[in-house]
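User: I've got a model open and I'd like to know what stands behind the labels people put on it. Can you take me through the reasoning?

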Amino acid sequence: SLEQGVANFEVLIKLARTANDVAQDAQAAGEADRAERMYAKAVQYAERVTKEYPSESDAWFMLAATTGKLAQFSGGKEKVRIGRAVEDYYRRSIALDSSNALAYLVGGIFNRELSQLNWVQRLAANALFGGLPDGSLEESKRMLRKTVDLDREMLIAHWELAQTCLAMERKDEALVHIRQVSKLDPRNTEEVRLKRKAAELLAKEES
């Protein structure tokens with residue numbers, strides 16, 4: 001039934017999100033093995049939800065986010081392969097719902113990470129996989145600005161936009177968003193940590 005389908009979708013998304021949150025907490029506590037295990041579990045749930053509900057934007061966002069997190073634990077070759085998949089997933093999410101703020105968030109982080117690869121990593125990617133998508137700080141900023149425009153109260157969006165501004169050597173602009181982080185209410189434990197980091201950065205800035 002339709003109602004049951006909606007319930008199943010919500011349950012699977014919640015399982016993926018919970019596993020991802022537990023993984024982030026483990027990673028923050030320095031428990032790398034547990035974090036990797038939980039990210040892998042989050043990806044499994046996200047893969048299942050995209051298989052069962054391929055027309056749901058949130059399903060593809062969740063797969064993009066969890067796959068990107070798991071990539072941190074991979075070596076060079078695997079990282080490149082996963083990177084190409086992440087781009088495909090967040091683009092699918094946006095194609096299904098152009099107002100999905102979280103999909104733009106993943107895209108913004110992805111483009112910043114890509115822009116910061118060194119030439120050796122790019123050379124390896126070209127040799128192995130025919131290259132990588134073009135990632136730029138400008139595209140990262142554009143996507144993160146879009147995230148903030150869609151959800152001004154999303155703490156992590158302001159934090160990530162600040163990181164991109166810092167990478168572009170636009171410190172004053174970054175500080176505007178870091179101050180915003182310090183004012184917003186966290187929605188999960190990861191945002192609690194980011195709010196704490198923002199407070200530390202501002203204290204240093206003002207001392």
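Analyst: Happy to. Let's start with Arg-142 and Glu-139, which both sit in helix α7 (residues 137–150), three residues apart, about one turn of the helix. Keep in mind that this is a predicted model.

User: What makes Arg-142 and Glu-139 a salt bridge?

Analyst: The distance does. Their closest N and O atoms are 2.9 Å apart, and the cut-off for a side-chain nitrogen of Arg and a carboxyl oxygen of Glu is within 4 Å, so the pair qualifies. As background, an α-helix has 3.6 residues a turn, so residues three or four places apart point the same way.

User: Why is Arg-142 called partly exposed, and why is Glu-139?

Analyst: Partly exposed is what lies between under 20% (buried) and over 50% (exposed). Arg-142 has a relative accessible area of 45%, so that label fits. Glu-139 comes in at 22%, so it gets the label too.

User: Which residues are joined into one network by salt bridges that share partners?

Analyst: Asp-25, Glu-190 and Arg-193. Within that network, Asp-25 pairs with Arg-193, with the closest N and O atoms 3.0 Å apart. Set against the 4 Å limit, that value makes the pair a salt bridge, because it falls within the cut-off.

User: How do you know that the pair links distant parts of the chain?

Analyst: Look at where the partners sit: Asp-25 is in helix α1 (residues 2–28) and Arg-193 is in helix α10 (residues 189–206), 168 residues apart. As for accessibility, Asp-25 is at 29%, and with the partly exposed range lying between 20% and 50%, Asp-25 is therefore partly exposed.

User: What makes Arg-34 and Glu-31 a salt bridge?

Analyst: Here the closest N and O atoms are 3.4 Å apart, and that is within 4 Å, so the pair counts. Arg-34 is partly exposed at 37%, and Glu-31 is partly exposed at 36%. Across the whole structure, the search finds 13 salt bridges.

User: Let's move along the chain. Why is Met-168 called buried?

Analyst: Its relative accessible area is 16%, and buried means under 20%, so Met-168 makes the cut. Met-168 is in the loop between α8 (155–167) and α9 (171–183).

User: What is Met-168 in contact with, leaving aside neighbours within four places in sequence?

Analyst: Leu-137, Glu-138 and Lys-141. Met-168 and Leu-137 are 31 residues apart along the chain, while their C-alpha atoms are separated by 6.9 Å.

User: Why are α7 and α8 called roughly antiparallel?

Analyst: They pack at an angle of about 155°, with their axes 9 Å apart. Angles over 145 degrees count as roughly antiparallel, so α7 and α8 get that name. The contact involves residues of α7 including Leu-137, Lys-141 and Leu-144, and residues of α8 including Glu-160, Leu-161 and Cys-165. α7 passes α8 in a left-handed crossing.

User: How do you know that Glu-160 is buried?

Analyst: Glu-160, in helix α8, has a relative accessible area of 11%. The limit is under 20%, so Glu-160 is buried. Not counting residues up to four places away in sequence, Glu-160 touches Leu-105, Ile-109, Arg-112 and Leu-144. Leu-144 is itself among the buried residues of α7, and both Leu-105 and Arg-112 are among the buried residues of α5.

User: What makes α5 mostly covered?

Analyst: The count: 11 of its 15 residues are buried. Among them are Ala-101, Tyr-104, Val-106 and Phe-110.

User: How do you know that the reach of α5 is close to what's expected?

Analyst: Helix α5 (residues 101–115) reaches 21 Å from its first C-alpha to its last, and the expected value at 1.5 Å a residue is 21 Å. For α7, with 14 residues, the reach is 20 Å and the expectation is 20 Å.

User: Last one: why is α8 called roughly antiparallel to α9?

Analyst: Their axes come within 8 Å and cross at roughly 165°. That makes α8 roughly antiparallel to α9, because the label applies to angles over 145 degrees. Among the residues making the contact are Trp-159 and Ala-162 of α8, with His-177 and Ile-178 of α9. α8 passes α9 in a left-handed crossing.

Key
Residues are numbered from 1 along each chain as its sequence is written. This is a predicted model: local features need pLDDT of at least 70, side-chain atom pairs count only at pLDDT 80 or more; totals for chains, interfaces and linings use all residues. Side-chain values use heavy atoms; hydrogens and water are left out. Helices (H or I, at least four residues) and strands (E, at least two) are DSSP runs, numbered from the N terminus. Buried means under 20% relative accessible area, exposed over 50%, partly exposed in between (1.4 Å probe, protein chains only). Contact means heavy atoms within 4.5 Å. The expected span of a helix is 1.5 Å times one less than its number of residues. Axes are lines fitted to C-alpha atoms, for helices over the stretch in contact, and angles run from 0 to 180 degrees between N-to-C directions. Angles under 35 degrees count as roughly parallel, over 145 as roughly antiparallel, 65 to 115 as roughly perpendicular and the rest as oblique. A crossing is left-handed if the near helix is turned anticlockwise from the far one by less than a right angle, and right-handed if clockwise.
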